[in-house]
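Open the model in your viewer and keep the sequence beside it. The stops below go from the whole chain to a single residue.

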Amino acid sequence: MSLSMIWGTIFVAIVILVVIALIVRSIVKDKKKGRSVSCGMACSSCPKNCKGMHNPAQ
């Protein structure tokens with residue numbers, strides 16, 4: 001394996017890790033703001049039948 005292949009692999013790995021870190025950061029920020037990936041707080045269209053689990057009026 002040549003040195004350029006190793007550096008290319010390291011670069012791609014760093015880019016992937018940065019993208020994953022940004023996705024996780026976005027999810028954590030949304031959770032702190034009360035938003036969720038799985039529940040949009042719209043019980044009428046919820047496939048998980050979340051009726052009664054939260055109060056949308058609050």
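Buried residues, those under 20% relative accessible area, make up 7% of the 58 residues in the chain. This is a predicted model, where local features need pLDDT of at least 70, side-chain atom pairs count only at pLDDT 80 or more, and totals for chains, interfaces and linings use all residues. Residues are numbered from 1 along each chain as its sequence is written, and side-chain values use heavy atoms, with hydrogens and water left out.

Show the surface of the chain: the accessible area is about 5200 Å² (Shrake-Rupley method, 1.4 Å probe), and carbon and sulfur atoms hold 69% of it.

Switch to cartoon. The chain has one helix and zero strands (DSSP runs: H or I of at least four residues for helices, E of at least two for strands).

Select residues 3-32, which are helix α1. From first C-alpha to last, α1 reaches 43 Å, close to the 44 Å expected at 1.5 Å a residue (1.5 Å times one less than its number of residues).

Next, pick G34, which follows α1 and has a positive phi, near 95 degrees.

Finally, select I23 in helix α1. Is I23 buried or exposed? I23 counts as partly exposed because its relative accessibility is 48%, and partly exposed lies between the buried cut-off and the exposed one, over 50%.

Note on methods
Buried < 20%, exposed > 50% of the residue type's maximum accessible area, 1.4 Å probe, protein only.
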